[in-house]
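Trainee: I'd love a close look at one part of this model, its salt bridges. Could you take me through them slowly, partner by partner?

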Amino acid sequence: MLLETSYLGMRLPHPFIAGASPFGYHLDTVKRLEDAGWAAVVLHSLFEEQVSMVREGRIAHMSPDDQRFAEMIEYFPKQSDFRYGPHEYAEHLYRVTRAVKIPVIGSLNGHTRESWLTFAPLIEQAGAAALEVNWYEVNTDARASAAYAEEELVEMVRDIKGLVKIPLAVKLSPFFTAFANVASQVDEAGADALVLFNRFYQPEIDVTTMQVVPRLHLSTNAELPLRLRWAAILCGRVNASLAITGGVATPHDGIKAILVGADAVQMVSAVLNHGPSYVTVMRTSLEQWLDWHNMASIAEARGRLSHRTTENPAAYERANYIRTLHSWGVPAA
Ligand SMILES: Cc1cc2nc3c(=O)[nH]c(=O)nc-3n(C[C@H](O)[C@H](O)[C@H](O)COP(=O)(O)O)c2cc1C
């Protein structure tokens, strides 16, 4: 009771969810998450490029047989490098949902409003409790406006809402000029949850080989404040549930997420670092903390420090920036 929360219309025994990660690849590892006590699990994503390659033999309208795009296509992982093709993904999801009792959230990851979206109903039919869509675009075209990028995102939400009945979570980027406005539009388009934020893996420069290379670093809680700020600003202003993903590394991080208004807290790096049993540390610490503060449930803590309810909303605004700069003392002469 103490930790019960509602996320995407589902009652969860506590707010800690295992986010999309390689734990989703195998039924056994999903079962380990369930046995450890995670409230729900998000499967790893099925990527737009996988679907469009299988359905149309192309990636973003580029055919691998077209020499103009050969280099670009070459950079994507090969179909055989993905653990599951689109139909295997749906079959895997079906097997997982039959085998575990916790809600299993399917995940699609893409950047266009094209035919790959019609795969969403297969995720629903496979038994997913909900669908999370990770929308990740790098807009390199200087002629493409912010308004166009936002419209595509919002229309994608409408498209998917028209295709499935299961709840829809949208995993968002923080890189919008007016994020609160974009979040409100996504909310109004029918998203049932906003997941803050997608974590962007930046390309690394290898100075030895002079190549641009991909490199994955697990997160630290240095990434959390950006999420806390925007959850705090959106709390009470959108109908959608709020989830935080990115930089929740310790029990205190989880408590902060609740205080700013998160309904659910997704974790990946901490699970990869400490193993699935880390959820017990998160839960018991949250329980103890509520107890110390004489709170009977997390409902009493949730959103206490949101932009709307905190005594000092300016702490989330520009004033915080100036105050923070001024908090640094004068260096010794
Ligand atoms: C190895 C690895 C694989 C991931 N795969 C996916 C994925 O398939 N889809 C997705 O939306 N996010 C994926 N993520 C991102 C996580 O779901 C999560 O949003 C991100 O790691 C931030 O959370 P954290 O700080 O708790 O790690 C992956 C992360 C890692 C480390």
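Mentor: Gladly! Let's agree on exposure first: a residue is buried under 20% relative accessible area, exposed over 50%, and partly exposed in between, using a 1.4 Å probe and protein chains only. You are looking at a predicted model, where local features need pLDDT of at least 70 and side-chain atom pairs count only at pLDDT 80 or more, while totals for chains, interfaces and linings use all residues. Residues are numbered from 1 along each chain as its sequence is written, and side-chain values use heavy atoms, leaving out hydrogens and water.

Now to the pairs themselves. Ten salt bridges are counted here, each being a side-chain nitrogen of Lys or Arg within 4 Å of a carboxyl oxygen of Asp or Glu.

Let's start with Arg 11, whose side chain forms a salt bridge with that of Glu 4, at 2.9 Å from N to O. Arg 11 counts as exposed because its relative accessibility is 55%. Its partner Glu 4 has a value of 33%, so Glu 4 is classed as partly exposed.

Next, please turn to Arg 143 and Asp 141, whose side chains meet in a salt bridge with an N to O distance of 3.1 Å. Here Arg 143 is exposed, since its relative accessible area is 72%. Asp 141, on the other hand, comes out at 34% and is therefore partly exposed.

The pair I'd linger on is Asp 263 with Arg 302, a salt bridge of 3.5 Å between N and O. This pair links distant parts of the chain, with its two residues 39 residues apart. Asp 263 sits in the loop between helix 9 (251-260) and strand 12 (264-267), whereas Arg 302 belongs to the loop between helix 12 (298-301) and helix 13 (318-326). (Helices, H or I of at least four residues, and strands, E of at least two, are DSSP runs numbered from the N terminus.) What about exposure, then: is Asp 263 buried or exposed? Asp 263 is buried, because its relative accessible area is 14%. Arg 302 has 23%, so Arg 302 is partly exposed.

To finish, have a look at a group in place of a pair. Arg 113, Glu 152 and Asp 159 are joined into one network by salt bridges that share partners. If you'd like to retrace the route, go from Arg 11 and Glu 4 to Arg 143 and Asp 141, then to Asp 263 and Arg 302, and end at the network that includes Arg 113.
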